[in-house]
Each structure stands twice: as C-alpha cells, then as structure tokens.
Amino acid sequence: MPRVTKEYCPKCKKHTEHKVTQNKGKTPFSAHPLAAGNKDLRAKWRGRIGFGNAGKYSKPAISKWKMAGKKTSKKTDLRYECSVCKKSHTQDMGFRSRKVEFI
C-alpha cells in the first residue's frame, strides 16, 4: 500500500495529499468497562462481590464456545493525515488483511 495517497480531506473540503498510517489499537485482552467481569460494575449491580452465584456462572466457559467460521484476519484501521491542515481522519470502511505493508 502506498504511504502517501490523494484523499478527500473533510476539514479542507478538497482532495489533498495524505500520509497513511496504521493504528495498532489495544491488546485484545484489555479490560472493558462494561464487561460482565468488571469489578466496579459488579459491585454496583449486586452491592457486594462474592455472595452466591449472582449470574456469574450463568454462561458456559469461553473454552466451550463454538467459534463457527472463525476469521483468520482483522480489519485494517488506517489513519489519513492531511499534508495541508495536518488534521487526521480514519478510513470509511476497513478491509480484511493479515498484514499491511507501506511502500
């Protein structure tokens, strides 16, 4: 993929040269604020932690889940930085790719 490309800049409202970078994102196992296992939310929902089942084990273990049609790649998360106004914006829709190389 080319490192510099002509894209539409929403700030300048015209097509300009953009520098393309790939956003790596967070680790897949980072804590999610609304996850079922979040301690702060669990305390808010049920008052205290560790009394009874409280729906904690109502779902099967993750190892038992059937991952039907598991994907072999993730979608790209590209950022475009305008060379005129230096503002950056994300791509409209990512495409599936195992690896993205810039030339």
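This report describes the fold, the cysteines, the charged side chains and a few backbone details of one predicted protein model.

Because the model is predicted, local features are reported only at pLDDT of at least 70 and side-chain atom pairs only at pLDDT 80 or more, while totals for chains, interfaces and linings use all residues. Residues are numbered from 1 along each chain as its sequence is written, and side-chain values use heavy atoms, with hydrogens and water left out.

## Overall layout

The chain contains one helix and six strands. Read from the N terminus, their order is β-β-α-β-β-β-β. Helices (H or I, at least four residues) and strands (E, at least two) are DSSP runs, numbered from the N terminus.

Of the 103 residues in the chain, 17% count as buried. Here buried means under 20% relative accessible area, exposed means over 50%, and partly exposed lies in between (1.4 Å probe, protein chains only). The areas come from the Shrake-Rupley method with a 1.4 Å probe, and for residues only the protein chains shown count as cover.

## Cysteines

How many disulfides does a search of the whole structure find? The search finds zero. A disulfide is counted when a pair of cysteine sulfur atoms lies within 2.5 Å. In general terms, a disulfide is a covalent bond between the sulfur atoms of two cysteines.

Cys-82 shows why no bond is assigned there: its closest cysteine sulfur, in Cys-85, is 3.7 Å away, which is too far for a bond. Cys-85 is likewise in no disulfide, and the cysteine sulfur nearest to it belongs to Cys-12, at 3.6 Å. The two residues can also be described by their cover: Cys-82 is buried, with a relative accessible area of 1%, whereas Cys-85 is partly exposed at 25%.

Cys-82 is found in strand 4. In sequence, Cys-82 and Lys-6 are 76 residues apart, but their C-alpha atoms are 9.2 Å apart in space.

## Salt bridges

Side chains of opposite charge can pair when their charged atoms come close. A salt bridge is counted when a side-chain nitrogen of Lys or Arg is within 4 Å of a carboxyl oxygen of Asp or Glu. The structure holds two of them, listed below.

| Positive residue | Negative residue | Closest N and O atoms |
|---|---|---|
| Arg-79 | Asp-77 | 3.3 Å |
| Lys-99 | Glu-101 | 3.7 Å |

In the bridge between Arg-79 and Asp-77, Arg-79 is partly exposed at 31% relative accessibility, and Asp-77 is partly exposed at 27%. In the bridge between Glu-101 and Lys-99, Glu-101 is exposed at 53% and Lys-99 is exposed at 63%.

Arg-79 is found in strand 4, which covers residues 78-82. The C-alpha atoms of Arg-79 and His-18 are separated by 9.2 Å, although the two residues are 61 apart along the chain.

## A positive patch

Which residues form the positive surface patch? The patch is made of Lys-71, Lys-74, Lys-75 and Arg-96. Patches take residues with over 30% relative accessible area and no salt bridge; like charges are joined within 9 Å, and nonpolar side chains (Val, Leu, Ile, Met, Phe, Trp, Tyr) within 5 Å. Lys and Arg count as positive and Asp and Glu as negative, while His and the chain ends are not counted. The place of a charge is taken as NZ of Lys, CZ of Arg, CG of Asp or CD of Glu.

One of the patch residues, Lys-71, lies in the loop between helix 1 (39-46) and strand 3 (74-75). Lys-71 is exposed, with a relative accessible area of 53%.

## Loops and the start of the chain

Two lysines have a positive phi. Lys-13, which is not a glycine, has a phi near 60 degrees. Lys-13 lies in the loop between strand 1 and strand 2 (14-22) and is exposed, with a relative accessible area of 62%. Lys-86, also a residue other than glycine, has a positive phi of about 65 degrees. Lys-86 sits in the loop between strand 4 and strand 5 (88-90) and counts as exposed at 56% relative accessibility.

Arg-3 belongs to the segment before strand 1 (4-9). Arg-3 is partly exposed at 38% relative accessibility. The C-alpha atoms of Arg-3 and Val-20 are separated by 5.3 Å, with their positions 17 residues apart along the chain.
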